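Me: I have a protein model open and would like to talk through the reasoning behind the labels people put on it. Could you take my questions one by one?

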Amino acid sequence: MALLIRNGRIITATDDHIADVYCAGETITRIERGLDPKALPGDPKQLEVIDAAGKYVFPGFIDPHVHIYLPFMGTWAIDDYESASKAALAGGTTTLIEMICPGPKDQPWEAYQEWLSKARGIASVDFSYHMSVVRYEPEIRGQFLRIVKDGVGSFKVFLAYKGALNLNDADLFALMEQARKWGVIVTAHCENADAVAAMQEILVSSGRTGPEWHGPSRPPVVEADGVHHLCAFAELTGAHVYTVHTSCDIAVKEALAARLRGVNVWIESVIPHFVLDESYAERANFEGAQYVMSPPLRQKGNQDVLWNGVKTRTISTIATDHAPFTLEQKNMGRSAFTRIPNGIPSIQERVDLVHTYGVTRGRLGLQTMVNACSTQAAMLFGMYPKKGTIQVGSDADLVVYDPEWQGTFQKADSHSKADYNAYEGWTKQGRASVVTVRGQVQVRDGKFVGTRGTGQFVAREPTHG
Ligand SMILES: [Zn+2]
């Protein structure tokens with residue numbers, strides 16, 4: 001099946017122009033004005049023509065920070081690749097990078113195979129992984145090279161989650177030395193694990209156990225300390241690093257200070273931190289549990305820093321940290337906030353939130369939206385220009401976006417299995433009308449019409465040598 005998208009306003013991280021996009025098979029093959037369908041090769045009956053007049057044509061959006069299969073805090077995140085793919089695609093995301101999160105006793109290669117088995121043949125979105133390194137004894141190090149060679153060109157480390165997922169400093173240093181030699185970027189959850197554990201103990205032991213205490217247990221300085229630590233090790237080893245879900249002013253400034261010293265550090269922030277503040281986690285009757293994630297939601301003033309960071313392209317990416325848990329699962333933390341599974345499901349809402357609360361409010365332009373929600377992830381993680389832009393030879397991952405569509409965010413429309421929507425009832429301006437993955441239409445008029453199992457693993461070379 002060939003695809004012709006006519007008269008759309010094509011928007012990439014650098015361009016903004018009206019033209020037709022023609023895709024033969026899985027690839028974009030022509031971008032021109034006034035392409036005549038009758039003059040195109042092949043059977044006209046095998047050509048789908050989409051009228052995009054008055055609409056934007058974006059490259060498929062990329063979410064570089066997603067959890068789908070996630071054993072965590074005594075339970076499992078509730079989505080699977082079927083529900084998460086639908087949610088991603090309905091929201092215009094055509095490629096996602098999931099975190100492989102093994103336990104501290106698991107073998108890395110086996111964990112990688114386990115995660116692959118959850119996606120292959122089920123996903124309808126294209127997918128890739130960051131490999132979490134939660135142990136790094138000398139005898140298992142060879143497994144990481146095998147995983148990198150198989151196409152997983154990025155690592156994830158946790159400075160948080162003491163005793164469960166965090167590496168000690170000796171292993172962190174050794175890993176970063178190795179990552180630099182392999183050209184593998186190290187993504188990192190930056191919160192000081194010891195400080196968080198100590199703060200949790202103080203709060204819980206004095207009876208401060210509600211979800212409103214989650215934020216105070218890990219204040220901004222805990223995150224800034226983590227960013228500083230990561231950047232110090234990056235400076236010493238020469239490794240390239242990427243701070244995931246950077247949530248606040250002082251953490252962003254730590255990364256920028258390191259960048260000015262010459263450290264190769266890139267900054268990711270995630271959509272909940274742009275639009276939700278700490279007051280949501282303080283909601284009464286345990287409702288705040290729906291808004292517990294780490295780093296926690298912050299004081300509202302940090303939101304301007306994040307939007308302006310994206311506008312000036314000092315913050316590279318807007319991801320989600322999609323980690324869906326049901327209200328019943330959140331209830332595991334009734335006795336203490338330390339047992340509330342962390343996460344705010346957002347994979348379906350991300351792009352529309354950025355459009356509604358970023359672009360239409362004048363906080364950033366359309367090209368910057370594409371840059372932060374697609375192009376930068378493709379460039380940093382070795383998928384560009386196959387993904388992340390609209391040019392001849394790129395994958396035909398396209399989002400025809402109707403900026404005039406108006407509605408609200410609501411649970412009734414969401415594909416995630418989480419049984420609440422953190423943005424329920426909020427105004428939504430714009431939505432994806434047609435979404436394609438490698439030329440196949442997966443969404444029409446905002447509805448998922450795709451096929452289970454058509455998503456492909458995107459093998460990525462290390463690109464930070
Ligand atoms: Zn995460």
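Me: Let me start with His 245. Why is His 245 called buried?

Reply: Happy to help, and please keep in mind that this is a predicted model. His 245 has a relative accessible area of 2%, and buried means under 20%, so the label fits. The residue sits in the loop between strand 13 (241-243) and helix 8 (249-260). Its phi is positive, about 35 degrees, although His 245 is not a glycine.

Me: And what makes Asn 285 exposed or buried?

Reply: The relative accessible area of Asn 285 is 73%. The cut-off for exposed is over 50%, so Asn 285 counts as exposed. Asn 285 also has a positive phi without being a glycine, at about 60 degrees, and it belongs to the loop between helix 10 and helix 11. Pro 295 lies in the loop between helix 10 (278-281) and helix 11 (301-311) as well; a cis peptide bond with omega about -5 degrees joins Ser 294 to Pro 295.

Me: Now the metal. How do you know which residues are the protein donors of the zinc ion?

Reply: By distance. A donor is an N, O or S atom within 2.8 Å of this metal. His 65 (NE2), His 67 (NE2) and Asp 321 (OD) lie 2.0 to 2.2 Å from the zinc ion, so they qualify as donors. Water is not among the atoms, so the site may look incomplete. Along the chain the donor spacing reads H-x1-H-x253-D. That brings together distant parts of the chain: His 65 in strand 6 (residues 61-66) and Asp 321 in the loop between strand 15 (317-319) and helix 12 (327-330), 256 residues apart.

Me: Are those two, His 65 and Asp 321, buried or exposed?

Reply: His 65 has 0% relative accessibility and Asp 321 has 9%. Buried means under 20%, so both residues count as buried.

Me: How many disulfides are there, and how do you know?

Reply: The count is zero. A disulfide needs two cysteine sulfur atoms within 2.5 Å. For Cys 231, the closest cysteine sulfur is in Cys 190, 7.0 Å away, so this is too far for a bond. For Cys 101, the closest cysteine sulfur is again in Cys 190, at 15 Å, also too far. Cys 231 is buried at 1% relative accessible area, and Cys 101 is buried at 8%.

Me: What makes a set of residues a nonpolar core here, and which residues have the most contacts inside the largest one?

Reply: The members are buried residues of nonpolar types, tyrosine among them, joined through side-chain atoms within 4.5 Å. The largest such core has 121 residues, and Phe 58, Tyr 112, Tyr 129 and Tyr 423 have the most contacts inside it. Helix 14 (residues 366-380) gives the largest share, eight residues. A second, separate core of 16 residues includes Ala 396, Leu 398, Val 434 and Val 441. As for Tyr 129, its contacts include Tyr 81, Tyr 112, Trp 115 and Phe 457.

Me: Last one: what makes helix 13 and helix 14 a pair worth describing, and how do they cross?

Reply: Residues of the two meet: Arg 350, Val 351, Val 354, His 355 and Val 359 in helix 13 with Leu 366, Met 369 and Cys 373 in helix 14. The axes of helix 13 (residues 350-359) and helix 14 come within 11 Å and cross at roughly 145 degrees. The crossing is right-handed.

How values were computed
Residues numbered from 1 in each chain as written. Predicted model: local features only at pLDDT ≥ 70, side-chain atom pairs only at ≥ 80, totals over all residues. Heavy atoms only, no water. Donors = N, O, S within 2.8 Å, 3.2 Å for Na, K, Ca; no water. Helix = DSSP H or I, 4+ residues; strand = E, 2+ residues; numbered from the N terminus. Buried < 20%, exposed > 50% of the residue type's maximum accessible area, 1.4 Å probe, protein only. Contact = heavy atoms within 4.5 Å. Axes fitted to C-alpha atoms, helices over the stretch in contact; angles between N-to-C directions. Left-handed = near helix turned anticlockwise from the far one by under 90°. Lists of a residue's contacts leave out its neighbours within four places in sequence.
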